[in-house]
Each structure stands twice: as C-alpha cells, then as structure tokens.
Amino acid sequence: SPSAVPQLPPLVLAAHSRTAFCRPRTPAPTLPSALLHPDTSAVRSRPRPVEPSMASSSASADVKPELGSQPSSSSSSSSSAASAAAAAPSRPVLFWGSGSPPAWRVCAVLLEKGVDFDGRRVQFDSGFLKTPEFLALNPRGLVPSLIDGDLVLYESLAILHYLEDKYPAVRLIPKEPAAKARCLMRMQEANNASSAAGEVVYYVRRTRPESINFPYLRCKFAVLAEELKLWESYLAGAEYLAGPGQGVSLADFAFFPNLAYMVRLGLELEPNYPNLKAYFCRMCARKSILASWPPHWLKSHGLPCLSSSILPPVEGATREACEAVAASAGAGSVPPTDVPCSRMNTADRCPVSARDVVAAAARGEESPAKC
C-alpha cells in the first residue's frame, strides 16, 4: 500500500527525475548509402590521435546529415576520389557511440593495438542507427559496427577476436593454454556483470519513485554484490583478469567498460572491493583507455542508480523476506545464497571519482587517486 512505502531517499528522486527514456526523438536524418562505405569520398580518412582523449579528437566526428553529402557528380571529382582510394589502403571504419560499453571495448582494443582506423561517432537520438542504409549493414541497428573492406562485424566480442587475429603485433590473448582459457572464459563472463547492474539500473530508472519496492530492490543489489564478489576473487593475487603473472588481455577490455559504467552510476568500490578498486585505477592509467573514454562522461556525472545510498538503512531484511516480497510481486530472481539484504556497501564514496582520474591523466598530471 502507498502508506507502507518508506520515505524516498533524495537519490531515488534525482535518478528518476533525470531519466531520459521517454524523451521525444529527433527525426531520423536522410543519409545516402555512400556514408556507410569507407572507399568513397563521403567517408574520408582522417588522422586518429591516440592521446589524450577521443573527446578532443576531430577524427571522431558525430554522424550528421552534412557528413553524408553525396560525392560530386563531376568526372574530375569522381576520378580524384577514385585515385585517392586506390593510392591509399582503406582503413577500418568503426561506428561507435559515447557511453556504450560494447563500443568502448572495440575502441580501446583498436587503440591498444595501434590500428589506424576511422572512428564515426553516432548520436543515439539522431535516428541514424535505424536508417535503412545502416540496417543493411547491421540488422540489429546497434553499435559497435566495424567495416573492414567487404567485411562487416557487429558483435563486440567477435570484433575483438577478429582484431586479435588480424593485428597480431600486439597480442592480447595469452599463449599459455591455461591463461588463454582463463582469458576467453572471463570474456564470456563479462556480460554477466552488465546484466546484474542492469537489473538495478532499469528498475530504478523505469519505476516511479513512489512505486519502488525497496525490499525487492535490495534483492537486486544483493545479486549485483554476489557478481562483484566473483570478480573481486578473480583479481586476488593478479593484476589482470588472465590470472597471476599475466598482462592485460582481451578479457580486461571486455570487462572494464562494464565496471567503469557501474562506477559512473554510483557503485562504491571501497571498502568491499579493494582488488577491483586497484584494478580500476590500473586500467584507467592505460593510454588506450584514456583515449577512448566516453567523451560525454568527462563532462557530466551519471545517475546514482547503483549507489548504496539509494537504499534506506533498514536492517534485518534477509533473503527470505526479499524472496517473499518478490514472490508476492511476481518479480524476477532473488539472491542465490543467504546474503543479508541490508546495505551492500557503506555510504562512504571514493574521495576521487573516475572522472577526476581520467581528466587529470588527460592533462598529463599525476592521478589524484591513491591506490
């Protein structure tokens, strides 16, 4: 009943009032098919600086109607464009979106391997991804989408494997069989963390504040906490996810964007996840991560959906109590083990945000994070 709903924490109201899933969309632009092919004058190769950030790179232009202007009909222009395409080898073209963890994976690996590519940033509210021209390349209408010659790939993990095989100079899958298997296993597991976080985020963002079922929300937080404990254990005695003694691998590039997304949305890594905190700062120090950091993340703070402060400090809400609430509401899964469903973390936040760490590194300054 409405009278049983506890007083809403300010963060709940803030998160809900700032949601944008119902905002009106701008009309989809009319884009010629020439925009989608790298060997035309409509998509010209541009230099790709690796440092300090894609946010300041002119190479990563937003996809807008004016970028897709038709090639000149004059024979001289067509001839010169064809000559330029023949003289220089075509570069991979990557369609990506700021804030998309799967797209970030691919951007970071391309930069880590030093691949010269043409990045095309897509504005999600432009309607570009649902145009017939783009859907002809990627029927799912999502980013990332990689065009390399006649090959089109649009699943991030498949793209990572392709890049590993095509650009072997910088190896990101270990050769040692056990470490290789561990790397591939962690790559496949990475989306589990995203799914656990998504259960909390989508519920908070798509439920009216007065309708939030806090015992049920605690269950969602508990499931996320169990998932994070796994990743915390994977990093015990190891700097990276391929295991002790191994360097950075595709597993790290598959998982880290999900972790950074959670931190942006308020996840506290201290004090419960010291290994993840150290790992987060370690990955933030990599040039490929800094250069591919989502541009709009540097200019704004995320919604605090994953902050433990979003939950009222009510003690004694056990798994059994949550299970009863979830069953009566017909709502989703419950924690798989007997984990207390009171606060998953303390309200203390890391004194230095990810935004501060990346901004300092982009300026060439020493990171303010002490980890």
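This is a friendly chat about a predicted model of a protein chain.

User: Hi! What does the secondary structure of the protein chain come to?

Analyst: Hello! The protein chain has 12 helices and 5 strands. Keep in mind that the model is predicted.

User: How many residues does the chain have, and what share counts as buried?

Analyst: The chain has 371 residues, and 49% of them count as buried.

User: And what about the surface?

Analyst: About 17,100 Å² of the protein chain is exposed, and carbon and sulfur atoms supply 55% of that area.

User: Among contacts between residues at least 6 apart in sequence, what share joins residues at least 24 apart?

Analyst: For those contacts, the share is 75%. A nice example is leucine 172 with leucine 250: they are 78 residues apart in sequence, while their C-alpha atoms are 5.4 Å apart in space.

User: Where is leucine 172, and is it buried or exposed?

Analyst: Leucine 172 sits in the loop between helix 5 and helix 6. With a relative accessibility of 2%, leucine 172 counts as buried, because buried means under 20%.

User: Which residues does leucine 172 touch?

Analyst: Leaving out residues up to four places away in sequence, its contacts include Val109, Cys183, Val248, Leu250 and Phe253. Lys113 and Glu164 are also among them, and those two residues form a salt bridge with each other.

User: Ooh, tell me about that salt bridge. How far apart are the closest N and O atoms?

Analyst: In the bridge between glutamate 164 and lysine 113, the closest N and O atoms are 2.9 Å apart. Glutamate 164 belongs to helix 5 (residues 156–166), whereas lysine 113 is in the loop between helix 3 (101–112) and strand 3 (118–121), so the pair ties together parts that are 51 residues apart in sequence.

User: Are glutamate 164 and lysine 113 buried or exposed?

Analyst: Both glutamate 164 and lysine 113 are buried. They also belong to a network of salt bridges that links Lys113, Glu164 and Arg171.

User: How many salt bridges are there in the whole structure?

Analyst: A search of the whole structure finds 10. One of them joins aspartate 118 and arginine 120, with 3.7 Å between the closest N and O atoms. Aspartate 118 and arginine 120 are both buried.

User: What about lysine 229 and glutamate 226?

Analyst: Their side chains meet in a salt bridge too, at 3.2 Å from N to O. The two residues are 3 apart in helix 7, which means they are separated by about one helical turn. Lysine 229 has 43% relative accessibility, so it counts as partly exposed.

User: Let's stay with helix 7. Why does its end-to-end distance agree with what we should expect?

Analyst: Helix 7 covers residues 214–234, which is 21 residues. At 1.5 Å a residue, helix 7 should span 30 Å, and its end C-alpha atoms are 30 Å apart, so the two agree.

User: Is helix 7 mostly covered or mostly open?

Analyst: Helix 7 is mostly covered, with 15 of its 21 residues buried. At the start of helix 7, a side-chain oxygen of asparagine 213 comes to within 3.1 Å of the backbone nitrogen of tyrosine 216.

User: What's in the loop just before helix 7?

Analyst: Threonine 207 is found in the loop between helix 6 (177–206) and helix 7. Its side chain reaches the backbone oxygen of tyrosine 203 at 2.6 Å. Threonine 207 counts as buried, at 14% relative accessibility.

User: New topic: how many disulfides are there?

Analyst: The count is 0. For cysteine 284, the nearest cysteine sulfur is that of cysteine 281, 6.2 Å away. A pair would need its sulfur atoms within 2.5 Å, so cysteine 284 is in no disulfide.

User: Is cysteine 284 buried or exposed?

Analyst: Cysteine 284 is buried, with a relative accessible area of 1%.

User: Last one: what does serine 98 do with histidine 296?

Analyst: Their side chains are joined by a polar contact of 2.6 Å. Serine 98 lies in the loop between strand 2 (93–96) and helix 3, and it counts as buried at 8% relative accessibility. Serine 98 also touches other residues, including Arg121, Phe124 and Pro294.

Conventions. Residues numbered from 1 in each chain as written. Predicted model: local features only at pLDDT ≥ 70, side-chain atom pairs only at ≥ 80, totals over all residues. Heavy atoms only, no water. Helix = DSSP H or I, 4+ residues; strand = E, 2+ residues; numbered from the N terminus. Expected span 1.5 Å × (residues − 1). Buried < 20%, exposed > 50% of the residue type's maximum accessible area, 1.4 Å probe, protein only. Polar contact = N/O pair within 3.5 Å; in protein donor to acceptor, adjacent residues only side chain to side chain. Contact = heavy atoms within 4.5 Å. Areas by Shrake-Rupley, 256 points an atom, 1.4 Å probe, with all protein chains shown as cover. Salt bridge = Lys/Arg side-chain N within 4 Å of Asp/Glu carboxyl O.
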